[in-house]
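Trainee: Could you take me through one part of this assembly closely, namely the surfaces that meet the DNA, and then set that part in its surroundings?

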Protein chains: 2
Amino acid sequence: MAGPTLRDVAKLANVSIRTVSNVVNGYAPVSDELRARVQVALDELDYRPNLIARNLKQGRTGMIALVVPELDVPYFAELAREVIKAARAHGYVVMIDQTDGDGDRERELLGRDSRATMFDGLLLSPLSVSAEELRARGNRVPIVLLGEHIFNGSFPHVAIDNVAAARDATAHLLELGRRRVAAIGDQPYATGETAQLRTAGYRQAHARAGLDVDDELIVPTAHFHRRLGAEAMERLLALPEPPDAVFCYNDLLALGAIRALTRAGRRVPDDVAVVGLDDIEEGQYSTPSLTTVAPDKGEIARRAVDTLLESIRGELGTPPEIVVPHRLIVRESTAGEVSPR
Amino acid sequence: MAGPTLRDVAKLANVSIRTVSNVVNGYAPVSDELRARVQVALDELDYRPNLIARNLKQGRTGMIALVVPELDVPYFAELAREVIKAARAHGYVVMIDQTDGDGDRERELLGRDSRATMFDGLLLSPLSVSAEELRARGNRVPIVLLGEHIFNGSFPHVAIDNVAAARDATAHLLELGRRRVAAIGDQPYATGETAQLRTAGYRQAHARAGLDVDDELIVPTAHFHRRLGAEAMERLLALPEPPDAVFCYNDLLALGAIRALTRAGRRVPDDVAVVGLDDIEEGQYSTPSLTTVAPDKGEIARRAVDTLLESIRGELGTPPEIVVPHRLIVRESTAGEVSPR
DNA sequence: TGAGCGCTCTGCAACGATGCAGACATAATG
DNA sequence: CATTATGTCTGCATCGTTGCAGAGCGCTCA
């Protein structure tokens, strides 16, 4: 099972271990003759360096970990892709783990026996672990937080401006003349900071338009999946005065909502306009295609990776709060028939 | 940056390194008094074991790698989730990497300096690397192949019966009385074995029904994304005699096709019925919801992980070819209005 | 009393690689 | 010719951990 080591190659080529190492790494000058002899031995044994050993010696692994709640949530899958790309550009590989949004699973990562020490750094998209806890753990591994929890300057943090994003989405609906704009996805409890920011943006848009918010139109959901979007929409449709537009806190909720609307025989956007947030690819191909607020995922990934690598190199001063741009993408779910592609 | 080591703890507690190690691992019996003293030192220094060193000593990392073409393809994301779950059940973590279906990137993994040696095993879902090449690399790391390439017994391999799956999908359309059933996704070239198997199943279904296949209705696509599904569908609609049903080789193609049909004003399934393959969650919430052939992803993941772990433990004899069950799930895209949930 | 046992605890070697300092042979220099 | 520089090559120590063999000690029991 175990492959040949430098020692085996050295014995075969009748040179020192050190010389083989030099040949493998091209470090020190080696005469052509010796180099050739070593190379033959390397090939014959099909030597592969033991990276574990190399890492131990060098104190780094060249791996960072990306920890997300759920990998099969398109937003995270798309983000993961960008992170992998950004890391690769710096010679790093990314190991991905998912916590299922389970706080204990997240905390496990910070515990004494966590595999976190295998990595040079951690990109963490926490759902329920608080900054408080993170700090208390006094983790030894550099960490960059992704996404939209509120944090208090203890850790570097990359996210969009959630309030502004939600405000833009809601304003778009109001500008279309909709007057009963619902919101799906509020989470009025401790770990729902992101959702609360979006609710704040939703309210801001109304305030700026001089409109009141009917709190009945704000539907909380325990998580951000299609099914809950559909259920929330059904509840809204059952109201005596149902909404004529909905801002959903992510695209999956929005797609679930559209599904519920279609099933109920409502036309989108004619009867009810729908906006999501995340700009997952699926929204381009849904029927109707989905208007959404698009965070710049590539930028999120790049900034996060860059910041993490700085932190790894010890070049990071006070933890930066990085805000990444977003933009509204108007598609059929609010605008009706748009461009055919 | 570097944390305290066993040595530091030992010095502080005034015991041997070995005893600290014993306390940390609970290996050997340690008196309560010493254990307590060591524990104090451990806590004070906030000691974390260096897993790299441990791994070097033990010759294993407890990590396996999952290599897929694209992580943001829902099928792979959903599969990844299952693999992570299955591996976790055995105490393994999964590192995920994507190759973008780039053959060179895939080959890199097998090359001399690949990070593959960091892992106890590899789950590989290759797009363009051939079994031949894999074998030639004589890789030292245990490998299990996922997905649907044809392989020749060199490596353990887990997949569904692609011919049967495609046959079932096509037969379903024929049983609905459709007579011009198209196929989207053929790949009539070396690395398109999976697609070719599905084409074979498509033909078999016709043969068994005593029907001829109009080759014009078989549209090849370079990959399996939504956009190409839409384009292929547009091409089919432009035919003098367009199809009344389509079997798409995966769900993304199918969703793209549905999008194209909707845009063209065709009703699904009334004018054209659509079947996909993969059973990604998106298909449950699309409009119309998508009839599909569902591979048992959980089973694929479990069998693959089990097999890989057997191989790691050296318990594997001749590489097994594992066929995982699939089943047809009928939804609106072929059956029209079905159950409301 | 002393051999024998079991319980704790320890030190040394090793995993496979690289950093460092130096050995050795040869070439260049005064 | 002695001295220094140069270019190759080597051995030892080391990264932080665990496996192994055994040391020390108190206890039991003949």
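Mentor: What follows begins with the DNA-facing surfaces, turns to one helix, and ends with the contact of the two protein chains.

This is a predicted model, in which local features need pLDDT of at least 70 and side-chain atom pairs count only at pLDDT 80 or more, while totals for chains, interfaces and linings use all residues. Residues are numbered from 1 along each chain as its sequence is written, and chains are lettered from A and ligands numbered from 1 in the order in which they are written.

Around DNA strand D there are 29 residues, of which T19(A), P29(A), T5(B), L6(B) and N50(B) come nearest; a residue is near a strand if its C-beta atom, placed from the backbone, lies within 6 Å of it. At least two residues of this surface come from each of α2 (17–25) and α4 (51–58) of chain A, and likewise from each of α1 (6–13), α2 (17–25) and α4 (51–58) of chain B. Helices and strands here are DSSP runs numbered from the N terminus (H or I for helices, at least four residues; E for strands, at least two). By class, the surface near DNA strand D holds 14 nonpolar, nine polar and six charged residues, where Ala, Val, Leu, Ile, Met, Phe, Trp, Tyr, Cys and Pro count as nonpolar, Asp, Glu, Lys and Arg as charged, and the others, Gly among them, as polar.

DNA strand C has 28 residues around it, and those that come nearest are T5(A), S21(A), N50(A), T19(B) and P29(B). The elements giving two or more residues to that surface are α2 and α4 of chain A and α2 and α4 of chain B, and its residues divide into 14 nonpolar, nine polar and five charged.

Helix α2(A) deserves a separate look. Its buried residues are T19(A), V20(A) and V23(A), a residue being buried if 20 or more other C-beta atoms lie within 10 Å of its own, exposed if 12 or fewer, and partly exposed in between, with C-beta atoms placed from the backbone. Seen down the axis of α2(A), these buried residues fall within an arc of 100 degrees, so they line one face of the helix; the arc is that of the directions from the helix axis to the C-beta atoms. They pack against α1 (6–13) and α3 (32–45) of chain A, whereas R18(A) and N25(A), on the other side of α2(A), are exposed. After α2(A) comes G26(A), whose phi is positive, near 65 degrees.

As for the two protein chains, chain B can be laid on chain A with an RMSD of 0.1 Å by a turn of 180 degrees and a shift of 0.0 Å along the axis, and the two copies are thus related as by a two-fold rotation axis. The superposition is by least squares on the C-alpha atoms of residues with pLDDT of at least 70 in both copies. Of the residues of chain B, M95(B) comes closest to the rotation axis, with its C-alpha at 2.1 Å.

The contact takes 46 residues from chain B and 46 residues from chain A, two residues being in contact if their C-beta atoms, placed from the backbone, lie within 7 Å. On the side of chain B that touches chain A, α5(B) gives the most, with six residues, and the residues of that side divide into 19 nonpolar, 13 polar and 14 charged. Because 100% of the interface residues of chain B are also interface residues in chain A, the copies meet through the same surface.
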